[in-house]
Amino acid sequence: MKVVVIGNGKAGSNLSYALVGEGHDVTVVDHKAERLTKIQNALDVMCIEGNGATVETQLEAAVDKAGMLIATTPYDELNIMCCLIAKRLGAKKTVSRVRMPEYFRQIDLICEDLGLSMVINPELAMADEIARVLIFSSAEKVEVFGKGKLELVEYRLPQDALVDGLSLQEIYKNVKTKVLICAVQRGEEIFIPGGDFVLRARDRIHVAGSHKNIERFFRSCGFIKEKIKTVMIVGGGCSCYYLAQQLLTIGMKVKIIEKDQERSIKMAELLPKAIIIHGDGTDQELLMEEGVLHVDAFVSLTGIDEENIILSLFASDATQAKVVTKINSDNYIKLASRLGLDCVISSCYLTTSNVLSYVRSLANAAGSEVESLHHIIGNQAEAIEFRVREVVSGLVGIPLREVRLKKNILICAIIRKREIIIPDGSASIELGDLIVLVSKDYHFSQIKDVLE
């Protein structure tokens with residue numbers, strides 16, 4: 001498919017890399033030549049220098065022949081204008097990045113009039129993910145499938161883990177809870193494990209199951225931590241607003257530190273139940289004065305990756321709080337993991353996953369559809385949710401022990417109406433089921449592609 005990406009910042013660049021990697025014909029539009037030079041040197045893309053909100057530039061980018069236009073500039077109004085023009089020129093689908101709460105709250109009312117096929121809000125997606133890991137305090141990441149029925153929880157085993165040296169079969173036998181460990185990262189290696197796989201301390205595991213069963217599994221293995229009641233957030237941007245709103249709603253106490261005075265005043269008006277501090281969140285003395293030693297969770301949400309890493313390292317060293325770090329640069333994400341910062345959230349990764357899920361659903365045959373997609377293990381594997389809409393020979397209606405899946409693919413759950421099935425060899429897939437699978441080496445858009 002021909003895709004035009006307007007805006008080559010972090011979000012646009014990540015999307016272009018992902019789309020090219022999946023075989024799409026990508027044209028990138030940006031008004032800054034240096035940004036275009038960088039991506040043109042790295043990828044096989046066409047680059048257009050100019051204002052993406054003008055008819056002339058869009059025609060030069062052949063938007064009239066494009067299957068999709070994605071507008072990811074930093075300005076909501078500009079993104080919406082780009083999509084409106086593209087739709088009039090003949091682009092089949094348009095995707096707009098809309099971040100401001102004032103616009104996002106009413107976007108559903110005017111989506112159809114503006115010709116928007118999809119709206120992405122990276123800040124809200126990031127806030128949702130952070131809220132999930134604060135609610136489930138033992139987790140480093142929580143992905144949801146089947147409209148929340150199934151969770152995929154990431155957790156790094158501690159040095160003294162009770163499960164160290166046990167095979168998955170032994171663990172399932174002892175715990176007797178319907179969960180499935182469906183991916184393991186050990187150092188730089190990624191495993192899609194079978195029942196004979198033996199866990200080691202410091203492994204990063206991904207556990208699939210219902211929230212209640214995963215909680216029971218964590219409690220049985222000694223992983224459960226105290227519930228979080230107080231949260232300190234540094235950085236008062238859009239993602240902070242969305243996050244604080246959610247945390248206050250469920251009864252957590254929130255303190256926000258924001259350097260910009262005007263923004264601090266606005267946050268105080270928007271979030272009257274939160275404590276807003278106007279000050280420099282990178283000042284360790286200020287953090288100490290504001291009680292960083294006594295909070296249950298610390299979230300660094302400034303717009304600068306380096307600041308967030310330094311703040312999180314300080315909080316990890318000085319406190320017992322759960323530390324969550326916002327990072328967008330791929331290089332810094334890997335560095336943060338090596339430094340021991342395990343709970344790292346990237347809005348760019350979330351945006352890429354959401355858009356790729358939509359793009360793949362468009363490419364599907366009528367019988368199967370990608371419902372959602374999440375990148376896991378630092379973008380090195382995928383968890384994909386499919387809806388089975390027609391009988392797929394060799395997959396539907398036969399026991400899973402007889403299904404010939406490609407290597408490094410694991411079906412980790414079947415969602416049938418309200419029932420979650422953690423499959424064994426006797427389970428089978430039926431028409432209408434949602435299935436969630438983890439894949440290490442493939443990028444699927446059709447369910448039949450998982451078969452050998």
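This passage looks at aromatic pairs and two surface patches in a predicted model. Residues are numbered from 1 along each chain as its sequence is written. Local features need pLDDT of at least 70, side-chain atom pairs count only at pLDDT 80 or more, totals for chains, interfaces and linings use all residues, and side-chain values use heavy atoms, with hydrogens and water left out.

The aromatic rings come up first. Eight aromatic pairs turn up in a search of the whole structure (rings of Phe, Tyr and Trp, the last by its six-membered ring, with centres within 6.5 Å; planes under 30 degrees apart are stacked, over 60 edge-to-face, the rest tilted). One of them joins Phe217 to Phe218, edge-to-face, at 6.1 Å centre to centre and 65° between the planes. Phe217 counts as buried because its relative accessibility is 1%, and Phe218 does so at 0% (buried is under 20% relative accessible area, exposed over 50%, partly exposed in between, with a 1.4 Å probe and protein chains only). Ring pairs also tie Phe217 and Phe218 into a cluster with Phe136, Tyr155 and Phe223.

On the surface, Leu313, Leu335 and Leu339 make a nonpolar patch of about 210 Å². Patch residues have over 30% relative accessible area and no salt bridge (a side-chain nitrogen of Lys or Arg within 4 Å of a carboxyl oxygen of Asp or Glu); like charges are joined within 9 Å, and nonpolar side chains (Val, Leu, Ile, Met, Phe, Trp, Tyr) within 5 Å. Areas come from the Shrake-Rupley method with a 1.4 Å probe, and for residues only the protein chains shown count as cover. Leu335 sits in helix H14 (residues 330-338) and is partly exposed, since its relative accessible area is 31%.

Definitions and conventions
Helices (H or I, at least four residues) and strands (E, at least two) are DSSP runs, numbered from the N terminus.
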